[in-house]
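These exercises practise reading a protein structure step by step. Try each task on the structure before reading its solution.

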Amino acid sequence: ANGEAVDLRTVPDHGTPSDLVYLSDFPDLVAWYELTNPERPIGVRVEWDRETLPYLWYWQEFGGTVGYPWYGEVYTIGLEPNSSYPTRGLAAAVENGSAMTIGPRASAGFEMRVATFADDGEDR
């Protein structure tokens with residue numbers, strides 16, 4: 001809100017205002033993120049095709065929305081690979097050029113991989 005940089009690697013305190021960030025420009029053909037527990041040597045890695053889903057929606061709700069629909073009770077982060085932005089609907093995505101198009105009688109698909117890991121680096 002004040003124009004300062006925010007470190008998305010850490011989970012904010014309870015009561016932090018809601019936010020939504022659209023991440024893009026992933027350097028590798030396979031986009032990915034990892035969630036790790038700093039207190040235990042475990043984590044999860046999510047990978048997907050950045051050509052099909054070039055955006056990652058990072059949204060957070062940490063009890064800052066005291067009215068509908070969360071009533072200050074939700075403390076969560078959502079990480080959603082997506083084909084377009086913003087959350088205002090298809091018309092806004094068409095307007096900014098991020099809307100995915102699929103031709104008549106065509107289909108679209110993508111691959112996604114989710115793997116857990118431990119300190120030893122082995123997939124589980």
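**Exercise 1. Place Ser83 in the chain, decide whether Ser83 is buried or exposed, and list what Ser83 touches.**

Solution. The model used here is a predicted one.

Step 1: Find the position. Ser83 sits in the loop that runs between strand E5 and helix H1 (90-96).

Step 2: Classify the accessibility. The relative accessible area of Ser83 is 19%. Buried means under 20%, so Ser83 is buried.

Step 3: List the contacts. With neighbours within four places in sequence left aside, Ser83 is in contact with Thr52, Leu53, Pro54, Tyr55, Ser98 and Met100.

**Exercise 2. Describe the open sheet that contains E5: give the strand order, the pairing and the edge strands.**

Solution.

Step 1: Write down the order. Three strands form this open sheet, in the order E1-E4-E5, and their pairing is antiparallel.

Step 2: Identify the edges. Strand E1 (19-23) and strand E5 (75-82) are the edge strands, since each pairs on one side only.

Step 3: Add the angle. Ignoring direction, neighbouring strands of this sheet are turned by 15° against each other on average.

Step 4: Look at one pair in detail. Strand E4 (residues 55-62) and E5 run antiparallel and are joined by eight bridges. One example is Tyr58, whose bridge partner in E5 is Leu79.

**Exercise 3. Describe the surroundings of Glu34 and its salt bridge with Arg45.**

Solution.

Step 1: Locate the residue. Glu34 belongs to strand E2. Its relative accessible area is 36%, so Glu34 is partly exposed.

Step 2: List the contacts. Not counting residues up to four places away in sequence, Glu34 touches Val44, Arg45 and Phe117.

Step 3: Examine the pair with Arg45. The side chains of Glu34 and Arg45 form a salt bridge, with 2.8 Å from N to O. Glu34 is in strand E2 (residues 30-36) and Arg45 is in strand E3 (residues 42-49), so the salt bridge ties together parts that are eleven residues apart in sequence. The two side chains are also joined by a polar contact of 2.8 Å.

Step 4: Check the partner. Arg45 has a relative accessibility of 22% and therefore counts as partly exposed.

Step 5: Compare sequence with space for another pair. Glu34 and Phe110 are 76 residues apart in sequence, and their C-alpha atoms are 19 Å apart in space.

**Exercise 4. How many salt bridges does a search of the whole structure find, and which residues do salt bridges with shared partners join into one network?**

Solution.

Step 1: Give the total. The search of the whole structure finds five salt bridges.

Step 2: Take the pair of Arg113 and Glu47. Their closest N and O atoms are 4.0 Å apart, and the two residues form a salt bridge. This pair links distant parts of the chain, with Arg113 in strand E6 (residues 112-118) and Glu47 in strand E3, 66 residues apart.

Step 3: Compare their accessibility. Arg113 is partly exposed at 40% relative accessible area, whereas Glu47 is buried at 18%.

Step 4: Take the pair of Arg50 and Glu51. The closest N and O atoms of this salt bridge are 3.5 Å apart. Arg50 counts as partly exposed at 26%, and Glu51 is exposed at 54%.

Step 5: Assemble the network. Salt bridges with shared partners join Glu34, Arg45, Glu47 and Arg113 into one network.

Notes: Residues numbered from 1 in each chain as written. Predicted model: local features only at pLDDT ≥ 70, side-chain atom pairs only at ≥ 80, totals over all residues. Heavy atoms only, no water. Helix = DSSP H or I, 4+ residues; strand = E, 2+ residues; numbered from the N terminus. Buried < 20%, exposed > 50% of the residue type's maximum accessible area, 1.4 Å probe, protein only. Pairing = 2+ DSSP bridges. Axes fitted to C-alpha atoms, helices over the stretch in contact; angles between N-to-C directions. Contact = heavy atoms within 4.5 Å. Polar contact = N/O pair within 3.5 Å; in protein donor to acceptor, adjacent residues only side chain to side chain.
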